[in-house]
Amino acid sequence: IAAIEAQAANLPCVLSDTIPQQVNLGLCQFISLEESPATWAAAICNILDGKSCLMMDEKKRRRFDQNYMVKSVEEVYE
């Protein structure tokens, strides 16, 4: 949930590859926990330096917006 909220605020995320891919709204980069701290740091620096191009997928983002979630809950209780 934190990764989805961060992306909704237009913040890129560097996440462990053990996190389900479903959280990726386009602003996530996944890295193995087996990778070195230098690999993790390089990924973060590439995002901060603009070398890594991550773009929000609006279609995926809409699945988590307020209107969609309200509609989904209403359908459960109808």
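A residue counts as buried under 20% relative accessible area, as exposed over 50%, and as partly exposed in between. The legends below apply these classes to a predicted model.

**View 1. Lys 60 of helix α3 and its contacts.** Lys 60 belongs to helix α3, which covers residues 58-62. With a relative accessibility of 33%, Lys 60 is partly exposed, because this value falls between the two limits. When neighbours within four places in sequence are left aside, Lys 60 is in contact with Asn 24 and Leu 25. Lys 60 and Asn 24 are 36 residues apart in sequence, while their C-alpha atoms are 8.3 Å apart in space.

**View 2. Asn 24 in the loop between β1 and β2.** Asn 24 is placed in the loop that joins these two strands. Its relative accessibility is 16%, so Asn 24 counts as buried. Not counting residues up to four places away in sequence, Asn 24 touches Gln 7, Phe 30 and Lys 60.

**View 3. Gln 7 of helix α1 and its surroundings.** Helix α1, residues 2-8, contains Gln 7. This residue has 0% relative accessibility and therefore counts as buried. Beyond its neighbours within four places in sequence, the contacts of Gln 7 include Asn 24, the loop residue of the preceding view. Gln 7 is also in contact with Cys 13, Val 23, Leu 25, Gly 26, Leu 27, Cys 28 and Met 56.

**View 4. The two faces of helix α2.** Helix α2 runs over residues 37-48. Its 12 residues should span 16 Å at 1.5 Å a residue, and the end C-alpha atoms are indeed 16 Å apart, which agrees. Trp 40, Ala 43 and Ile 47 are buried in α2. Seen down the helix axis, the buried residues of α2 fall within an arc of 60 degrees, so they line one face. An α-helix has 3.6 residues a turn, so residues three or four places apart point the same way. The buried residues of α2 pack against β1 (13-16) and β2 (28-31). On the face turned away from the buried side are the exposed residues Pro 37, Ala 38 and Leu 48. After α2 comes Gly 50, which has a positive phi near 80 degrees.

**View 5. A nonpolar surface patch that includes Tyr 68.** Phe 64, Tyr 68 and Met 69 make a nonpolar patch of about 280 Å² on the surface. Tyr 68 lies in helix α4, residues 66-77. At 42% relative accessibility, Tyr 68 counts as partly exposed.

Methods
Residues numbered from 1 in each chain as written. Predicted model: local features only at pLDDT ≥ 70, side-chain atom pairs only at ≥ 80, totals over all residues. Heavy atoms only, no water. Patch = residues over 30% accessible without salt bridge, like charges linked within 9 Å, V, L, I, M, F, W, Y side chains within 5 Å. Areas by Shrake-Rupley, 256 points an atom, 1.4 Å probe, with all protein chains shown as cover. Salt bridge = Lys/Arg side-chain N within 4 Å of Asp/Glu carboxyl O. Helix = DSSP H or I, 4+ residues; strand = E, 2+ residues; numbered from the N terminus. Buried < 20%, exposed > 50% of the residue type's maximum accessible area, 1.4 Å probe, protein only. Expected span 1.5 Å × (residues − 1). Arc of directions from axis to C-beta. Contact = heavy atoms within 4.5 Å.
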